Amino acid sequence: MVKRFFTRQVSFLETVATILVLIVATYIISQDSLTFVIAAYSLLIGSALILLYLLFCWKRLDKNTRLGSIISIVVWLLLMYGLVHARGLEMAFLWWRGF
């Protein structure tokens, strides 16, 4: 069973999702400006990559993969919006207090 787990082929969507999760987790742990920019742009680029993959491989993908890809694009973009919105509120609070 372990051998089958390590020798299975990983799809493009799983690879992109894993990389995005690692980048966002790095930002959540460190919370500095550089990792924020990296996380925001990587979520945007990852969503664009998934969209391109979806467009180019539409006929080859089954219905579940298509729906999962569309949902993942929406979720990654909403996560990016949430990160930017929260960081913007944090910056606005600092400016309001005069720091």
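**Buried, exposed and paired residues**

Reader: Why is F12 called partly exposed?

Author: The relative accessible area of F12 is 34%, and the scale calls a residue buried under 20%, exposed over 50% and partly exposed in between (1.4 Å probe, protein chains only). The value 34% lies between those two limits, so F12 is partly exposed. The model is a predicted one, in which local features need pLDDT of at least 70 and side-chain atom pairs count only at pLDDT 80 or more, while totals for chains, interfaces and linings use all residues. Residues are numbered from 1 along each chain as its sequence is written, and side-chain values use heavy atoms, with hydrogens and water left out.

Reader: How many aromatic pairs are there, and what makes two rings a pair?

Author: Rings of Phe, Tyr and Trp (its six-membered ring) pair if their centres lie within 6.5 Å; planes under 30 degrees apart count as stacked, over 60 as edge-to-face and the rest as tilted. By this rule there are two aromatic pairs. In one of them, F12 and Y53 have 5.0 Å from centre to centre and 35 degrees between their planes, and the pair is tilted. This pair links distant parts of the chain, with F12 in helix α2 and Y53 in helix α3, 41 residues apart.

Reader: Why is the pair of Y27 and F36 called tilted?

Author: Their ring centres are 5.7 Å apart, which is within the limit for a pair, and their planes stand at 55 degrees, which is neither under 30 nor over 60, so the pair is tilted. Both rings belong to buried residues, since Y27 has a relative accessibility of 7% and F36 has a relative accessible area of 15%.

Reader: How do you know what counts as a helix, and how many helices does the protein chain have?

Author: Helices (H or I, at least four residues) and strands (E, at least two) are DSSP runs, numbered from the N terminus. The protein chain has four helices and zero strands, and from the N terminus on its elements run α-α-α-α.

Reader: What makes a set of residues a nonpolar core, and which residues touch the most other members of the largest one?

Author: A nonpolar core is a set of buried Ala, Val, Leu, Ile, Met, Phe, Trp, Tyr and Cys residues joined through side-chain atoms within 4.5 Å. The largest one here has 17 residues, and L20, Y27, L43, I50, W76 and L83 touch the most other members. Helices α2 (12–30), α3 and α4 (63–97) each give two or more residues to this core, and the largest share, six residues, comes from α3. In soluble globular proteins, nonpolar side chains tend to be buried together.

Reader: Which residues does L83 touch?

Author: Not counting residues up to four places away in sequence, L83 is in contact (heavy atoms within 4.5 Å) with Y27, F36, A39 and L43.

Reader: Why is S69 called buried?

Author: S69, which is found in helix α4, has a relative accessible area of 0%, which is under the limit for a buried residue, so the name applies. Not counting residues up to four places away in sequence, S69 touches L13, I50 and L54.

Reader: Is L55 buried or exposed, and how do you know?

Author: The relative accessible area of L55 is 58%, which is over the limit for an exposed residue, so L55 is exposed. Its place is in helix α3. L78, in helix α4, is likewise exposed, because its relative accessible area is 55%.

Reader: What is the place of Q31, and why is Q31 called partly exposed?

Author: Q31 lies in the loop between α2 and α3, and at 49% relative accessibility it falls between the limits for buried and exposed, so it counts as partly exposed. Its phi is near 50 degrees, a positive value in a residue other than glycine. D32 has its place in the loop between α2 and α3, and its relative accessible area of 36% makes D32 partly exposed. D32 touches Y27 and R87, not counting residues up to four places away in sequence.
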